[in-house]
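The following paragraphs lead through the covalent link, the charged pairs and the nonpolar cores of one protein model. Please keep the sequence and the structure in view while reading.

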Amino acid sequence: TGSDTQYFLWFSDIHYDPYYATKDAYRAGYNTTAVCNSTSIPSMGSIGCDSPKALVDSALAYASKIAASPSFFVLSGDSIRHGVDMLYASNDHEGSENRVGSEVEVAAHSEYHTDAMNKAGEIINDLMAIIADAFPDVEVIVSIGNNDVVPDYYLELQGETLPPDNPCLFCEDGMPD
């Protein structure tokens, strides 16, 4: 019956970039013509750029109109922008998009790694607050994607060679207060 119908929402690969249209916006390396760091670009996003807040808000607003009361919400990874560590790298060659092989491991143990991980956690927390605003009282189930870690595509779990306070998977409670 219609009243017994339950459903859930599933969002993936949002790649939320709170720095869109600022000097720190992410631009895909494959798209050399994309302009992501100008205030004169479309507020809803541009090809070659990660998702601005206006686009995320719009997608969630539309979802809440057509699916106002989901049983739960799945956020299945790649929630945040590419290259969070590039916000802290001292040159373009340190950024995650330019690393190969063992360079990635070196970057994971760089002096700015903890700052970049904390920034990734902040961006995820901001996204969770945006989702909570659109879907209050709806449980959100989150999984980590390859761009939700720092550097991108690199996930180092606790192990024998890591200190007990390894920040690799640490971020504050994912739900806003």
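D24 and K23 are joined in a salt bridge, with 3.3 Å between the closest N and O atoms; the term denotes a side-chain nitrogen of Lys or Arg within 4 Å of a carboxyl oxygen of Asp or Glu. The model is a predicted one, in which local features need pLDDT of at least 70 and side-chain atom pairs count only at pLDDT 80 or more, while totals for chains, interfaces and linings use all residues. Residues are numbered from 1 along each chain as its sequence is written, and side-chain values use heavy atoms, with hydrogens and water left out.

Of the two partners, D24 is partly exposed at 26% relative accessibility, whereas K23 is exposed at 68%. Here buried stands for under 20% relative accessible area, exposed for over 50%, and partly exposed for values in between (1.4 Å probe, protein chains only).

A search of the whole structure gives four salt bridges. Another of them links the side chains of D57 and K53, at 2.7 Å from N to O. These two residues are four residues apart in helix α1, and are therefore separated by about one helical turn. Helices (H or I, at least four residues) and strands (E, at least two) are DSSP runs, numbered from the N terminus. D57 is partly exposed at 31% relative accessibility, and K53 is partly exposed with a relative accessible area of 41%.

In helix α3 (residues 113–134), E122 and K119 are three residues apart, which means a separation of about one helical turn. They form a salt bridge whose closest N and O atoms are 3.0 Å apart. E122 is partly exposed at 40%, but K119 is buried, with a relative accessible area of 15%.

How many disulfides does a search of the whole structure find? There is one, formed by C36 and C49 with their sulfur atoms 1.9 Å apart; the criterion is a pair of cysteine sulfur atoms within 2.5 Å. The angle about the S-S bond is -90°, and the link of C36 and C49 is left-handed. Both C36 and C49 lie in the loop between β1 (9–11) and α1 (53–66), so the disulfide ties together parts that are 13 residues apart in sequence. C36 and C49 are both buried.

The loop between β1 and α1 also holds S51, which is buried with a relative accessible area of 15%. A polar atom of the S51 side chain lies 2.7 Å from the backbone oxygen of I14. Leaving aside neighbours within four places in sequence, S51 is in contact (heavy atoms within 4.5 Å) with I14, H15, Y16, D17 and V56.

The nonpolar interior remains to be described. In soluble globular proteins, nonpolar side chains tend to be buried together. A nonpolar core is a set of buried Ala, Val, Leu, Ile, Met, Phe, Trp, Tyr and Cys residues joined through side-chain atoms within 4.5 Å. The largest such core has 26 residues, of which L60, F73 and L75 touch the most other members. Two or more residues come from each of β1, α1, β2 (73–76) and α3, and α3 gives the most, with nine residues. Apart from this core lies another, of six residues, among them Y20, A25, I41 and C49. C49 is thus both a member of that six-residue core and a partner of C36 in the disulfide.

Not counting residues up to four places away in sequence, L75 touches F11, I14, L127, M128, I131, V140, I141, V142 and S143. I14 thus appears among the contacts of L75 and among those of S51.

Key
A polar contact is a pair of N or O atoms within 3.5 Å; within protein, one must be able to donate a hydrogen and the other to accept it, and residues adjacent in sequence count only if both atoms are side-chain atoms.
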